[in-house]
Amino acid sequence: MVRITTPTIRLNNGISIPQLGLGVWQTRDGAEVEAAVTAAIDAGYRLIDTAAYYGNETGVGNAIRASNVPREELFVTTKLWNADHGYENALKAFDASLEKLGLDYVDMYLIHWPVPARGLFVETWRAFEELYAQGRVKAIGVSNFQPHHLDELLEKATIQPVVDQVELHPYFPQTKLRDYGKLHDIAIESWSPIGGSGGALLKEPLLHEIGEKHDKSPAQIVIRWHLQNGLIVIPKSVHAERIQQNIDVFDFELDLADMAAINSLQTGVRVGPNPDTANFQ
Ligand SMILES: NC(=O)c1ccc[n+]([C@@H]2O[C@H](COP(=O)([O-])OP(=O)(O)OC[C@H]3O[C@@H](n4cnc5c(N)ncnc54)[C@H](OP(=O)(O)O)[C@@H]3O)[C@@H](O)[C@H]2O)c1
């Protein structure tokens with residue numbers, strides 16, 4: 001296995017995040033997630049993206065502690081689930097995540113969804129600021145926040161989020177949110193970056209065509225599109241050869257015509273829930 005070094009992005013609080021990482025949604029706790037995280041670290045990934053909701057923080061932590069890469073060279077993200085919004089609940093939920101991970105700190109903690117119907121994300125953010133002040137998280141951010149949720153948060157926050165992790169891929173490129181991120185120095189991280197488990201995006205003939213030109217797979221072409229757009233990208237796979245393939249994207253470049261053609265795939269259709277209406281617990 002060839003170990004590759006990923007570039008990093010400097011967040012607005014001065015810390016660096018690897019621009020490419022492994023997502024572990026729908027990866028079973030125990031042997032499956034441990035094997036995926038181990039394969040990723042061996043291939044050169046230094047960012048692992050989990051969440052309390054995924055139910056696999058224990059396995060992620062086991063693989064991280066078992067790896068021979070020093071803890072400070074790894075970047076671990078986890079997320080607070082919707083049922084745990086509110087100041088005290090968030091502090092408790094963080095303790096539970098840290099215990100499952102078996103780590104002293106997490107690199108980044110995200111509010112998983114804004115759940116506007118509950119109206120608690122600002123109060124939840126106060127707990128995040130507290131965890132950050134205590135040094136138990138190195139960076140705090142949000143996920144699935146639209147510009148109007150960010151407006152409300154920024155107005156009341158003492159510390160601004162470093163990242164907004166959202167559904168983002170060529171079908172749903174989040175152009176407005178990306179402009180908002182640039183304006184406010186909030187890095188944008190793409191979830192379901194290769195279109196999620198449905199697989200429709202990777203069947204696009206255009207991606208196969210561009211892939212043939214560069215001798216790369218459709219997944220590698222899409223991952224490269226994210227990287228060249230300055231996005232943080234966290235493709236998920238449970239297969240070691242795909243995990244390796246998804247990081248093997250630093251030896252070629254898409255040209256302007258490739259990028260424009262991929263942009264034209266935009267449909268404006270999400271594969272996941274709409275953050276304004278999703279109210280799952
Ligand atoms: N914040 C949020 O609300 C949120 C929501 C969704 C996801 N996320 C995060 O984002 C990560 C990525 O999103 P995702 O898991 O939804 O979707 P994704 O990474 O876009 O796609 C994953 C799917 O693509 C397949 N795949 C991976 N590499 C491939 C390759 N090289 N060729 C062909 N197929 C390939 C995987 O199958 P195999 O595993 O079988 O290889 C899986 O079915 C998640 O794991 C999670 O960490 C966050």
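## Helices, strands and the model

Helices (H or I, at least four residues) and strands (E, at least two) are DSSP runs, numbered from the N terminus. The model here is predicted, so local features need pLDDT of at least 70 and side-chain atom pairs pLDDT 80 or more, while totals for chains, interfaces and linings use all residues. Residues count from 1 along each chain as its sequence is written, and side-chain values use heavy atoms, leaving out hydrogens and water.

## The sheet

Let's start with the sheet. Eight strands make an open, parallel sheet, in the order E3-E4-E5-E6-E7-E8-E9-E10 (strands pair if DSSP finds at least two bridges between them). At the edges sit E3 (22-23) and E10 (232-233), each pairing on one side only.

Now look at E8 (residues 163-167) and E9 (residues 187-191): they run parallel, joined by five bridges. One of the pairs to find is Glu 167 with its bridge partner in E9, Trp 191.

## The largest pocket

This pocket has 40 lining residues, and those closest to its centre are Trp 25, Gln 26, Ser 192, Gly 196 and Ser 197. The lining splits into 18 nonpolar, 19 polar and three charged residues. Helices H8 (218-228) and H9 (240-247) each give at least two of them, with H9 supplying the largest share, three residues.

## The second largest pocket

Here 15 residues form the lining, and Lys 182, Ile 186, Ala 187, Ile 188 and Gly 230 come closest to the centre. Strand E1 (8-10), helix H6 (175-184) and E9 each chip in at least two lining residues. Which helix gives the largest share of this lining? That's H6, with three residues. By type, the lining has seven nonpolar, four polar and four charged residues.

## Pocket terms

On a 1 Å grid over the protein atoms alone, a pocket is an open set of points where a 1.4 Å probe fits, with protein on both sides within 12 Å along at least five of seven lines; lining residues have an atom within 4 Å of a point. Asp, Glu, Lys and Arg count as charged, Ala, Val, Leu, Ile, Met, Phe, Trp, Tyr, Cys and Pro as nonpolar, and the others as polar.
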